[in-house]
Amino acid sequence: MIRVLVSSTGCGEVCVNNARRLGHGILATCSAFKNKSEEAARNQNLVTSLFKMVRKYTGQEILSGKTVIITGANTGIGKETARDLARRGGRIILACRNLEKGENARREIAEDTNNQEVIFKELDLSSFASIQKFAKDFNETESRLDILINNAGVMACPKMLTQDGLEMQIGTNHFGHFLLTELVMDKLKASSPSRIVILSSAAHSWGTINFEDLNSEKSYSSFAAYQQSKLANVLHALELSNRLKGTGVTVNSVHPGIVNTELARYMNSACMKCLLVPLAKFVLLSPEQGAQTTLHCALNPKLENVSAKYFADCREKTASCRARNEEDARRLWTLTEEIIHSKLPSTPM
Ligand SMILES: NC(=O)c1ccc[n+]([C@@H]2O[C@H](COP(=O)([O-])OP(=O)(O)OC[C@H]3O[C@@H](n4cnc5c(N)ncnc54)[C@H](OP(=O)(O)O)[C@@H]3O)[C@@H](O)[C@H]2O)c1
């Protein structure tokens, strides 16, 4: 049952989708591609490979003397990534929007790993003012940045706007992380070799960048907006990587697997609550398993010079055709900068 749902909508996280959305997904997917049978085979292969994601990152790297920022680290994949990194020493900064959840996660991870350099700093990626405040504080108080993990995400929410008037999913998942990355870039460069890991999703494969209506003002579909934001994540990694050539800073994007987390919090149909939530822990990856590909990209010494790649299951994979389009990556970069500048005219980037 679950395999059918996932395969039809073409999105791992969408396995708990309801029938109406499922119909939309089928129609949207079908209309987007000329060769439907080829696309169906591609979807099936992708779905089969998604369910086989079980590799564990086994590297023993130590992080003493290094500093990591991980966004959205109070729960889910981000929290388990932070826990693993904290066990390796180093200064692990949990960048979270909720004071209570952030402080609870900090305390739990610090106690569990015996690392007193697990730090919580407030960051709301749906507010440019909050991102600027976080970055100012970080740049003034921290001496280095070795690993930036852009992990936080929001999926399939009803139409909502960020504090700066952007659609919530592209605003948080793409714009928020884009601005954050630019504002801490000097520290990454000064600490090189350093790494950026961007959490995308296999859902990027079904996304398109709507350059005429990036902000979904003309029409809004909660899943299309998520898919667009995750495609934007891969394109961001691609263009950023081109711009960072020769600096010693690498950037790669990740699909973490289909993971049992709070990501589906906005999908609260009766079917979801009664049937799929109880099943989820048996069929989906645990958050700890979901952290493995991020850890692989953040730590594996073999990836020191690898950039602009897309990873899943601790292996390099081929991102979708649209996610490898260099022209779209440049166009998205320019549009993103223009929109940020229109909201924050004085921000140097
Ligand atoms: N789970 C999956 O199957 C799956 C599959 C593919 C990709 N991913 C990607 O993996 C990443 C982690 O997701 P997850 O599954 O661990 O989801 P999750 O359990 O919902 O965790 C998401 C985290 O992001 C934070 N966040 C959301 N909006 C934020 C904002 N405006 N500012 C700061 N933090 C914010 C959340 O904070 P609060 O707790 O305060 O809300 C939470 O800490 C996401 O980028 C997601 O797209 C997940």
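**Two helices, a core and a ligand shell**

On helix H5, the face turned away from the buried side carries the exposed residues Glu-100, Arg-107 and Glu-111. The model is a predicted one, and H5 is a handy place to start reading it. The buried residues of this helix are Gly-102, Ala-105, Arg-106 and Ile-109. Seen down the axis of H5, these buried residues stay within an arc of 105°, so they line one face of the helix. That fits the usual helix arithmetic: with 3.6 residues a turn, residues three or four places apart in an α-helix point the same way. Packed against the buried residues of H5 are H4, strand S2 (91–96) and strand S3 (118–122). As for length, H5 runs over residues 99–113, and its 15 residues should span 21 Å at 1.5 Å a residue; the end C-alpha atoms are 21 Å apart, so the two agree. Just past the end of H5, Asn-114 takes a positive phi of about 60°.

Helix H13 (residues 326–343) can be read in much this way. Its 18 residues reach 26 Å from first C-alpha to last, close to the 26 Å expected at 1.5 Å a residue. Buried in H13 are Ala-329, Leu-332, Thr-336 and Ile-340. Viewed down the axis of H13, they fall within an arc of 65° and so line one face of the helix. The other side of H13 holds the exposed residues Glu-327, Thr-334, Glu-338, His-341 and Ser-342. The cover over the buried residues of H13 includes helix H7 (168–183) and H9.

H9 turns up again in the core. The largest nonpolar core has 88 residues, of which Val-68, Leu-94, Ala-95, Ile-131 and Val-184 touch the most other members. Helix H9 (residues 222–243) supplies the largest share of this core, eleven residues. Leaving out residues up to four places away in sequence, Val-184 touches Ala-135, Phe-138, Asn-139, Leu-145 and Leu-148. In soluble globular proteins, nonpolar side chains tend to be buried together.

Zooming out, the protein has 13 helices and eight strands. Of its 349 residues, 51% are buried. Among contacts with a separation of 6 or more, 75% join residues 24 or more positions apart.

Then there is the ligand. It is surrounded by 32 residues, the closest being Gly-72, Gly-76, Ala-152, Gly-153 and Thr-261. Sorted by class, this shell has twelve nonpolar, 15 polar and five charged residues. Helix H4 (residues 76–87) gives the largest share of the shell, three residues; H4 is also among the elements that the buried residues of H5 pack against.

Key
Residues numbered from 1 in each chain as written. Predicted model: local features only at pLDDT ≥ 70, side-chain atom pairs only at ≥ 80, totals over all residues. Near = placed C-beta within 6 Å. Helix = DSSP H or I, 4+ residues; strand = E, 2+ residues; numbered from the N terminus. Nonpolar A, V, L, I, M, F, W, Y, C, P; charged D, E, K, R; others polar. Expected span 1.5 Å × (residues − 1). Buried ≥ 20, exposed ≤ 12 C-beta atoms within 10 Å, placed from the backbone. Arc of directions from axis to C-beta. Contact = placed C-beta atoms within 7 Å. Core = buried A, V, L, I, M, F, W, Y, C linked by C-beta atoms within 7 Å.
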